[in-house]
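Q: Could you take a close look at one part of this model for me, and then follow its connections outward? I'd like the computed values along the way.

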Amino acid sequence: MTRADGTASPPGAEVPVRRWPLGGPEDVVDVFVYVVILNLAVEYVPSVISEGFTLSLLTAVLLKLALELVLILKQRIVSGMRAATTRPGKVIAAVTLWVVAAGSKFVVLELVDLVFGDAVSLGGFVSVTLLIVALLAARAAVRRLLSA
């Protein structure tokens, strides 16, 4: 047998179980939390629409991927802001952070529309902003609960 790194393992040695390339069990828990919050929004916010559970699940996966990318981008911008030594550098980083924070909501809306069309709607800017805040808050609460 060969290991994940391509080297041969000795006979009788156990081969370790491969992990997901993009994360671990916490990502699966995040998707489940996102499905719950998304379906609560579908039930209680008239502008949020999903035509079925499968679409809600797929939307949750799409939101997970999009939000992870946005969080990574925001972390890099904040690191750049902290590393900036001049006032214009800090201002440019702050404006960039604001553009990414606001623009990411429009990207999420367009991405959902592109992938799912009329079958899924997250409403407008305000409803998607509140939905994303709820998703991130619920994710943080569940992670804190599970780590305790």
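A: Let's start with Ser50. In this predicted model, Ser50 has a relative accessibility of 16%, and because buried means under 20%, Ser50 counts as buried. Its place is in strand β1, which covers residues 48-50. The side chain of Ser50 has two polar partners to look at. One is the side chain of Ser56, with which the side chain of Ser50 makes a polar contact at 3.1 Å. The other is the backbone oxygen of Gly52, which the Ser50 side chain reaches at 3.2 Å. If you leave out residues up to four places away in sequence, Ser50 touches Val42, Leu55, Ser56, Ala119 and Val120.

To place that strand in the whole, here is the overall layout. The protein has four helices and two strands, and from the N terminus on, its elements run α-β-α-α-β-α. Of its 148 residues, 30% count as buried. Among contacts with a separation of 6 or more, 58% are between residues 24 or more positions apart. The protein exposes about 9800 Å², and carbon and sulfur atoms supply 69% of that area.

Now for helix α1. Its buried residues are Asp27, Asp30, Val31, Val33, Tyr34, Val35, Ile37, Leu38 and Ala41, and these pack against β1, α2, β2 and α4. The length of α1 also checks out: its 20 residues at 1.5 Å each should span 28 Å, and the end C-alpha atoms are 29 Å apart, which agrees.

From there we can go to the nonpolar core. In soluble globular proteins, nonpolar side chains tend to be buried together. Here, the largest nonpolar core has 24 residues, and the members that touch the most other members are Val108, Val112, Leu122, Leu131 and Leu135. At least two residues of this core come from each of α1 (25-44), α2 (53-83), α3 (87-116), β2 (120-122) and α4 (125-147). The largest share, seven residues, comes from α1.

Two of those well-connected members can be followed further. Val112 touches Leu62, Gly117, Val120 and Leu122, again not counting residues up to four places away in sequence. Val120 is thus a contact of Val112 and also one of the contacts of Ser50, so the residue you asked to see first and this core member share a neighbour. Leu135 sits in helix α4 and is buried, with a relative accessible area of 0%. With residues up to four places away set aside, Leu135 touches Tyr34, Ile37, Leu63 and Leu67. Tyr34 and Ile37 are among the buried residues of α1. The C-alpha atom of Leu135 is also 9.7 Å from that of Ala60, a residue 75 places away along the chain.

Leu135 has buried company in α4, where Ser127, Val128, Leu131, Ile132, Ala138 and Arg139 are also buried. The cover for the buried residues of α4 includes α1, α2, α3 and β2. As a geometry check on α4, its 23 residues at 1.5 Å each should span 33 Å, and its end C-alpha atoms are 33 Å apart, which agrees.

Helix α4 also takes part in an aromatic pair, and a search of the whole structure finds one such pair. The rings of Phe106 and Phe125 have their centres 5.0 Å apart and their planes at 25°, so the pair is stacked. This pair links distant parts of the chain, with Phe106 in helix α3 and Phe125 in helix α4, 19 residues apart. Phe106 is partly exposed at 46% relative accessibility, and Phe125 is partly exposed as well, with a relative accessible area of 35%.

Around that pair, two residues are worth adding. Val107 lies in helix α3 and is exposed, with a relative accessible area of 52%. The C-alpha atoms of Val107 and Val70 are separated by 9.9 Å, while along the chain the two are 37 residues apart. Gly124 is found in the loop between β2 and α4, and at 34% relative accessibility Gly124 counts as partly exposed. From C-alpha to C-alpha, Gly124 is 7.6 Å from Leu109, with their positions 15 residues apart in sequence.

Note on methods:
Residues are numbered from 1 along each chain as its sequence is written. This is a predicted model: local features need pLDDT of at least 70, side-chain atom pairs count only at pLDDT 80 or more; totals for chains, interfaces and linings use all residues. Side-chain values use heavy atoms; hydrogens and water are left out. Buried means under 20% relative accessible area, exposed over 50%, partly exposed in between (1.4 Å probe, protein chains only). A polar contact is a pair of N or O atoms within 3.5 Å; within protein, one must be able to donate a hydrogen and the other to accept it, and residues adjacent in sequence count only if both atoms are side-chain atoms. Contact means heavy atoms within 4.5 Å. A nonpolar core is a set of buried Ala, Val, Leu, Ile, Met, Phe, Trp, Tyr and Cys residues joined through side-chain atoms within 4.5 Å. The expected span of a helix is 1.5 Å times one less than its number of residues. Rings of Phe, Tyr and Trp (its six-membered ring) pair if their centres lie within 6.5 Å; planes under 30 degrees apart count as stacked, over 60 as edge-to-face and the rest as tilted. Accessible areas come from the Shrake-Rupley method with a 1.4 Å probe; for residues, only the protein chains shown count as cover.
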